[in-house]
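Q: Please take a close look at the side chains in the interior of this model, starting with cysteine and then going on to the aromatic rings. I would like one connected account that also places them in the wider fold.

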Amino acid sequence: MHPWPHIPDDVVDWFRGVFAEANRHVCERLVNLPNIRETSLDDGLIEALIPDTAPTLLPSGAIVRMDTHNIGGLRRIGRPDWDFPYQRRWETADIAILVFVYRGEKLVAKKIGLLQSKRLYPDNNDVDDDDEIGFLHGMNAFIRREGSQAISALHRQFAFNQNCIYGAMKAGSHQIQSIDGLNRKFGKAVYYLLYNPHIVPLSVSYPLQQRIRIDRPTVGCRVLDADYVHQVLSGLDEGASPTFSMIESAGVTSAWPLETCVADLLLTCQVGQAFEDSGDAEVRYFLERRSGPIGAALAASITLPDD
């Protein structure tokens, strides 16, 4: 494995700023729609990055660009029996971040980080989930409305506190085994991306009087080492979900803001997994199944200055 090239400071600063804005954007989506689907937060993250995807020349002479691809939440509908013998290994992650470093026209280094996203549930656990039947019926749910609506849908209270759970994260699940297995085989590449409000505690009341605007998140989108998360889950009964306070207590050394993880750690090869051509087949498996492994992918390309 060749040494990881030095990344100029202004490249790191640029990516940190772009992902800080994406963090803020996703937090704002979550607090305005506290019961939003987890997959819609993935979509929001990718959408927030799109305005900065054009090739950009930085003062150091480096050129940065991003390419994004998103197939949305379709991957969670149906059981992929076609995936034999991998047995749903696509469950390991939702978002892939690839980094490609060039000197001129030559690709000199590449690496990957995989994010398994989980959102914090409000204390009433009222969160929309992917609906296989609704998906199969298309837009019927939009057209065929009841003659009256439940007033409870208009007047609701959502609260986020230390005791709220990451409801889609379950102790003893097959997903834990899949993540651990991939990290052993390929090298530590899978991390957890936890979607949180910008602050905790927080209370949101429906109907909103105006759209909630936020500045820089205090909590927000955090990335955690899977080992820390799985350590918490190992102490719970099967099927139980960890609380915000449990994760905060266990992951203090790795609970990185999204922008810190991507810019300061992934780009400088402190997290994620560098790979050479011999690892291409494994990486292609994550990315090339249109209905399976990864819902969204981001390719960050850095062309280093001539000197």
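**Cysteines, aromatic pairs and their setting**

A: In this predicted model, C261 has a relative accessibility of 6%, and because buried means under 20% relative accessible area, C261 falls into that class. The same reasoning applies to C164, whose relative accessible area of 2% makes it a buried residue. As for covalent links, a disulfide joins the sulfur atoms of two cysteines, and when cysteine sulfur atoms are required to lie within 2.5 Å, the count comes to zero disulfides. Burial extends well beyond these cysteines, since buried residues make up 50% of the 307 residues in the protein chain.

The aromatic rings can be taken in turn. A pair of such rings is described by the distance of the centres together with the angle of the planes, and three aromatic pairs are counted here. One of them joins W14 and F15, with ring centres 4.9 Å apart and planes at 85°; because an angle over 60 degrees counts as edge-to-face, the pair takes that description. Both partners are buried by the cut-off of under 20%: W14 has a relative accessibility of 16%, and F15 has a value of 1%.

Another of the pairs, formed by F158 and Y206, is likewise edge-to-face, with 5.1 Å from centre to centre and 70° between the planes. This pair links distant parts of the chain, for F158 lies in strand β5 (residues 156-160) and Y206 in strand β7 (residues 202-206), 48 residues apart. F158 and Y206 are also both buried.

Turning to the wider fold, the protein chain has nine helices and 11 strands. Of the contacts in the chain with a separation of 6 or more, 80% are between residues 24 or more positions apart.

A helix contact completes the picture. The axes of α5 (residues 174-186) and α6 (residues 226-234) come within 11 Å and cross at roughly 145°, and this crossing is left-handed. On the α5 side the contact is made by I176, I179, D180 and N183, which meet A226, H230 and L233 of α6. Sorted by class, the residues of this contact are four nonpolar, two polar and one charged.

Note on methods:
Residues numbered from 1 in each chain as written. Heavy atoms only, no water. Axes fitted to C-alpha atoms, helices over the stretch in contact; angles between N-to-C directions. Helix = DSSP H or I, 4+ residues; strand = E, 2+ residues; numbered from the N terminus. Left-handed = near helix turned anticlockwise from the far one by under 90°. Contact = heavy atoms within 4.5 Å. Nonpolar A, V, L, I, M, F, W, Y, C, P; charged D, E, K, R; others polar. Buried < 20%, exposed > 50% of the residue type's maximum accessible area, 1.4 Å probe, protein only. Phe/Tyr/Trp six-rings, centres within 6.5 Å; stacked < 30°, edge-to-face > 60°.
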